[in-house]
Amino acid sequence: MKLATVFASAAMLVALVASWIIQDRQPKPVALTPTFTGQVEYCLTCHADLAQISTSHPVETFGCVSCHGGERLALDADLAHSTMRGGANPSDLAAVEESCGGADCHNGLAQDHRDHIQRVQTSLQTTYAGAIAQMRYTFGAQADLAAHYGVQAVETQEKTNPNTPDALLAFDPSKETAPGILKFAENCLTCHLEAEPLPGAQTYRFTGCAACHTPTPGGDPEQIVHRLTTAIPYTQCNTCHNRGNYDLRSMTFQTRSDLATDRLHDYYQPIAQFTRCEYTLDCVDCHTRQEAMGDGNIYSKKKDIQYIQCKTCHGTLAELPKTTTITDPNDLALRQAFLNPVIDLKVGDTILVTDKDEPLWNIRQLPDGAYEMIGKATGQRFTFRPVKGTACQQKVDQQESRYCHECHAVQR
Amino acid sequence: MFYYNPNPDLAALSIQTITFLVPFGGLLRSLHYWAAQLLIVTATVHLLRVIFTGAYARKRRFNYLLGILLLVVCLIFDFSGYVLRWDEGIRWALVVGTNLIRSIPLIGPTLYIMLMGGVQPGLASLLRFYAWHIFGLTIVLLIIGAWHLFRVRRDGGIAVPPPELRPDPARINRFELVRREVLAMLISGVVLVVLALIKPAPISAPIQEGLTAVDGRAPWFFLWVQQLLRWGDPFLWGVLVPLGVLAWLAVLPYLLPESKPEEAGRWFPRGNRAAQVSVTILGTAILVLTLLGLR
């Protein structure tokens, strides 16, 4: 009896020491109280080595939980991560309103240019409405070429173009009968932002905002980085726009098997023509935010939203490109330059603007009448002169880029 | 109680604070959890021993009833403590468990409002469960528990045959009793600490509106009732049948033949065979249903 008591006491002692050691080996909680939420969170206990996502999202201000969700007090990985929005990617369009939205953030007013979420959700990159309409028209499922369906249902809140629809229904392949449409539904929806990406490195992409704003080194899906940027290199665009081609002989989509190295020969449609700037600059150097993210209207085809031409920057024989001089310190161009400080833009500078008055904030007029462009992703400086006053023989009524290509396209 | 906050918005967060941020809070919570679970197990084993040794016979019948009452109090204690987590893990069980009360004809809805403080779970319900858990039930448990122990002494200690029928009429002395109690305390203490270290008390994310509960299971001691509910009418299977089981246990000593005096405290006495058989059948049924529910 006495021996049993001694043993039991010893066992108790061991158990208590063990619990002390286990408690002692727990990581020391690292608290952070972001000024934006004012609520303490302990994510940094484990994630202290994670790089800050961008200078616009300082961790002291936003912390982790305001974007990612999750259990801010839990130090158990499973519990802490159980309520995260969009898994590792809070910008997934299913979660984006909660993660990135809010009137203080990216769900603000159109006139303040803070309505990114609404614009992206209605953009062609998300809805794929044009191709769906094309296919349904071609195979007799609808009588016109107008968009009625998107990858997901969507309603526009900022319609400015009366010729565009107010809403799209969700495209439901189970209600289609034509084999062509079914094959299209099976193969072609997955590129678009609202759809689940296909597995495999060649077709991998992020969803939501991160699809463009979180460039992975070399497009390698294994190397997920904690980064948001507006300095988007062409390689990021290529994760979707250079996956391969639809082979008309086999009627299948042939994904690229390699990672391209030579932009001129490896990229894009083999029959397309390019000028030098189209394959040496980054896509975002010319293509604007409205082109990439939409303007709030639901369009039925890419041409309705993609409007940048050679003449936007170079002008024509008759006209110089459109410019504006910055007077307001809160000008959109200055805000965009602040997000990606490759150029020391300031009040008084004259920059190019598009036909729709979108600032081309990385292209500034020089005192001698030439223009300088700073690469948004590379920081490289290029200078160019307008067409006006040169020996260009272009006809006055032929101002689209394809006419420029006739002389200026490079040999492939 | 120093950290817990009985407010639906903060309860689960305060439990996360206790579990992860308060030094030894997680260990203490797990000890509390395991002690509560093992209390149900020990109380049930104790009940089975009392029945299978025919120890409730004669003058101990009343104390047996007190014991049954204590088991019921313990079950309510456990359920109320479980609900205090107020996280996704308890949501389904809370809704289903309390809706059973609503299924009682005539008085059900009134009872439900008395228990929950409203027509659906909310601030008032959590506050009531909290008050019952730390105050109301504690008072009841202390009073009946003390009475139960007092009756053990008043009934002449634990059930044994009369001195003239025993081969060794001596009883253990009080020092030996304390020694055994200390030993039992140490052993159960070690078991609890080890269990708490190996398998910490369950925890889930706070209740989120609009989502379906992740865990659709009742706490393990009510799994058998949950399993019964699959058979149909909630009032019949969820209220009447469990109450019937309880009632049967309560009236056993009064309806069925008892063990003989010389058999008192002996395992499986001939005298109360009928009670043993009926409890074995009931116990097996509950065990099987629980195991089915665990799947």
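User: How do strands E9 and E10 of chain A run, and how many bridges join them?
Analyst: This is a predicted model, and in it E9 (residues 371-374) and E10 (residues 381-384) of chain A run antiparallel, joined by four bridges.

User: Which residue is the bridge partner of Ile374(A)?
Analyst: That's Arg381(A), over in E10(A).

User: And what sits between the strands of that hairpin?
Analyst: Six residues. Gly379(A), in this hairpin, takes a positive phi near 75°.

User: Switching topic: what area is buried between chain A and chain B?
Analyst: About 2,000 Å², and carbon and sulfur atoms give 81% of that.

User: How many salt bridges does the rule find across the interface of chain A and chain B?
Analyst: Zero. For polar contacts, the rule finds three residue pairs, with both residues at pLDDT 80 or more.

User: OK, which elements give two or more residues to chain A's side?
Analyst: Helix H1 (2-25) and helix H5 (77-82) of chain A. H1(A) gives the most, with 13 residues.

User: How do the residues on that side divide into nonpolar, polar and charged?
Analyst: On the side of chain A that touches chain B, 16 are nonpolar, six polar and three charged.

User: How many residues does each chain put into the contact?
Analyst: Chain A puts in 25 and chain B 23.

User: Last thing, what does the domain assignment of chain A give?
Analyst: Domain 1 is 20-84, domain 2 is 116-254 + 286-293, and domain 3 is 307-410.

User: What separates the centres of domain 1 and domain 2 of chain A?
Analyst: 34 Å, with the centres taken over C-alpha atoms.

Terms used: Residues are numbered from 1 along each chain as its sequence is written. Chains are lettered from A and ligands numbered from 1 in the order in which they are written. This is a predicted model: local features need pLDDT of at least 70, side-chain atom pairs count only at pLDDT 80 or more; totals for chains, interfaces and linings use all residues. Side-chain values use heavy atoms; hydrogens and water are left out. Domain bounds come from an automatic or database domain assignment. Contact means heavy atoms within 4.5 Å. Buried area is the accessible area (1.4 Å probe) that two parts lose on being put together, summed over both. A salt bridge is a side-chain nitrogen of Lys or Arg within 4 Å of a carboxyl oxygen of Asp or Glu. A polar contact is a pair of N or O atoms within 3.5 Å; within protein, one must be able to donate a hydrogen and the other to accept it, and residues adjacent in sequence count only if both atoms are side-chain atoms. Ala, Val, Leu, Ile, Met, Phe, Trp, Tyr, Cys and Pro count as nonpolar, Asp, Glu, Lys and Arg as charged, and the others, Gly among them, as polar. Two strands pair if DSSP finds at least two bridges between them.
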